[in-house]
Amino acid sequence: MGGARRVVRAEPPSRFGRLPRRAAFAVLLVAALATGRAVQELLPVSEDASAPFERTGGVGDEIALRWGEVEVTSVEGSTRIADPYGAVHVTSGVYVVVGWTYTAAGEPQIPSYVAIRDTEGRVFRTSVERNPYSSGGAAQPGIPRRVTAAIEVPVDAVAGAELLVTMEQNPENHRRDDIAVVDLGLTSDDAEAWAAAEEPLPVEDPADGTAP
Amino acid sequence: MSAPGWWRRNRWGLVALPVAAAAALAASSYRVEDYWWLEKPRDLADGSRGEWVEFSASQYDRTGDVPFTVRVRLDEVRTASAPFGSEDPLELPDGVQAVAVDLTLAAAPDVPLAGCSLVLRDADGTEYEYQSSSPSISQATSPCVPPDARGPELDLFEGLDPDTGPRRPDEWAVSPVVLLPEGVEVTQVLLSWGPPDGLLISAG
């Protein structure tokens, strides 16, 4: 600060002497802001900061997460499903029907977000009508809850598909929380066979306890 | 004369710094109340099994704050034989136990008390909640009032009379049932009519 004062004293400011300096300052400021913006756009900072912690596993693995444990027990596919109310749904793609067990930790909790992610990063979520999934409400900690999710996907999304499970329904709130990512072990052979299958797969209601 | 030192020149800034930091923290913590303090019962009154505890708190509805006082006694935590408010037998999956929480409560009959939550804790602090419907049990909606004489409800909807049922007795007993994994021992019972207030009763 003292240095700046001395400079001002040594070169008394004139109306013409000040302008170029101000212009240079403005140019530098704009350049600095532009550089910052470019760096921010080039680096995947925002996505990394808002990404959930992916806990990965395969079919039959017990995946431990902050909020509990997830284990996929069965994966099937067809062009038809029979939902718990008996209604049959038909798709021109493939219904992937995943049976899995969820055990809450610490307090009763509901895994609200259930989706299938394909190798291109496309995400297909459960819904009320076409993609039935019911958690059965909050599961008491330590009591395994057996649930089924049926999700309609295009045939080319089957090979390499993963099941995603977490608590928060809104994906914008997944940051800094655990998400289960289960490799369903599916191939393009599965996709072809399921795209030709016409047998309706049952979508079971949720139930407590380990499978009988 | 020498120039004043850095500390002296910046003394007012230094005085303002902790104040500004505290103000910044306070201004950015506006969600602490919603996301932490009101997330669960945190302001707890204590009691132990077999003794009456008087608990006062407040709910709110369309008419504003609805303060209440209730006296509660935890009589027993035992193995349940039937769901609360139902004659149906319990059908439990393997590895699951049903625990009945015998409570005696007393309050004025014109006080709405149906909207309460009941949580059981084990020694590790794991929480198990009263659920009126789950894949394994179906029972009365409220764990705190007699299912056939709930007393008045909170006045939440315009045009709905909040007090239609039979009069609630001055003192009554309830036995809500909570499902737990087998082998878990209940150490605490937590009753709440809305956070942050709650009543924590040791079950031992």
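Is Y133(A) buried or exposed? Y133(A) is buried, with a relative accessible area of 16%. The legends below start with the whole of chain A and then move in on single spots; keep in mind that this is a predicted model.

**View 1. Chain A as a whole, a spread-out chain.** Chain A is built with 4 helices and 11 strands. Its radius of gyration is 27 Å, well over the 17 Å that the globule rule gives for 212 residues, so chain A is more spread out than a compact globule. Along the principal axes, the C-alpha trace of chain A covers about 90 × 40 × 25 Å. As for what is tucked away, 37% of the 212 residues of chain A count as buried.

**View 2. W100(A) and Y133(A), a stacked pair of rings.** Over all chains, the count of aromatic pairs comes to 7. Here we zoom in on W100(A) and Y133(A), whose ring centres are 5.8 Å apart and whose planes meet at 20°; planes under 30 degrees apart count as stacked, so this pair does too. The two partners come from distant parts of the chain, 33 residues apart. W100(A) belongs to strand β4 (residues 88-104) of chain A, while Y133(A) is in the loop between β6 (123-125) and β7 (145-153). W100(A) has a relative accessibility of 1%, so it counts as buried. Y133(A), at 16%, is buried as well, because the cut-off for buried is under 20%.

**View 3. A nonpolar patch on the surface of chain A.** Three residues make up this patch: F25(A), L29(A) and L33(A). Together they offer about 340 Å² of accessible area. Look for L29(A) in helix α2, which runs over residues 15-42 of chain A. How does L29(A) count at 46% relative accessibility? L29(A) counts as partly exposed, because 46% falls between the 20% limit for buried and the 50% limit for exposed.

**View 4. A cluster of rings in chain B.** Now over to chain B, where ring pairs tie F55(B), F68(B) and W193(B) into a cluster. F68(B) sits in strand β3 (residues 64-79) of chain B. With a relative accessible area of 4%, F68(B) is buried. F68(B) and F55(B) are 13 residues apart along the chain, and their C-alpha atoms are separated by 8.3 Å.

**View 5. A charge over a ring in chain B.** The last close-up shows R71(B) and W52(B). The charged end of R71(B) sits over the ring of W52(B), and its distance from the ring centre is 4.6 Å.

Conventions:
Residues numbered from 1 in each chain as written. Chains lettered and ligands numbered in written order. Predicted model: local features only at pLDDT ≥ 70, side-chain atom pairs only at ≥ 80, totals over all residues. Heavy atoms only, no water. Patch = residues over 30% accessible without salt bridge, like charges linked within 9 Å, V, L, I, M, F, W, Y side chains within 5 Å. Areas by Shrake-Rupley, 256 points an atom, 1.4 Å probe, with all protein chains shown as cover. Salt bridge = Lys/Arg side-chain N within 4 Å of Asp/Glu carboxyl O. Helix = DSSP H or I, 4+ residues; strand = E, 2+ residues; numbered from the N terminus. Buried < 20%, exposed > 50% of the residue type's maximum accessible area, 1.4 Å probe, protein only. Phe/Tyr/Trp six-rings, centres within 6.5 Å; stacked < 30°, edge-to-face > 60°. Lys NZ or Arg CZ within 6 Å of the ring centre and 35° of its normal. Rg over C-alpha atoms; globule rule 2.2 N^0.38 Å.
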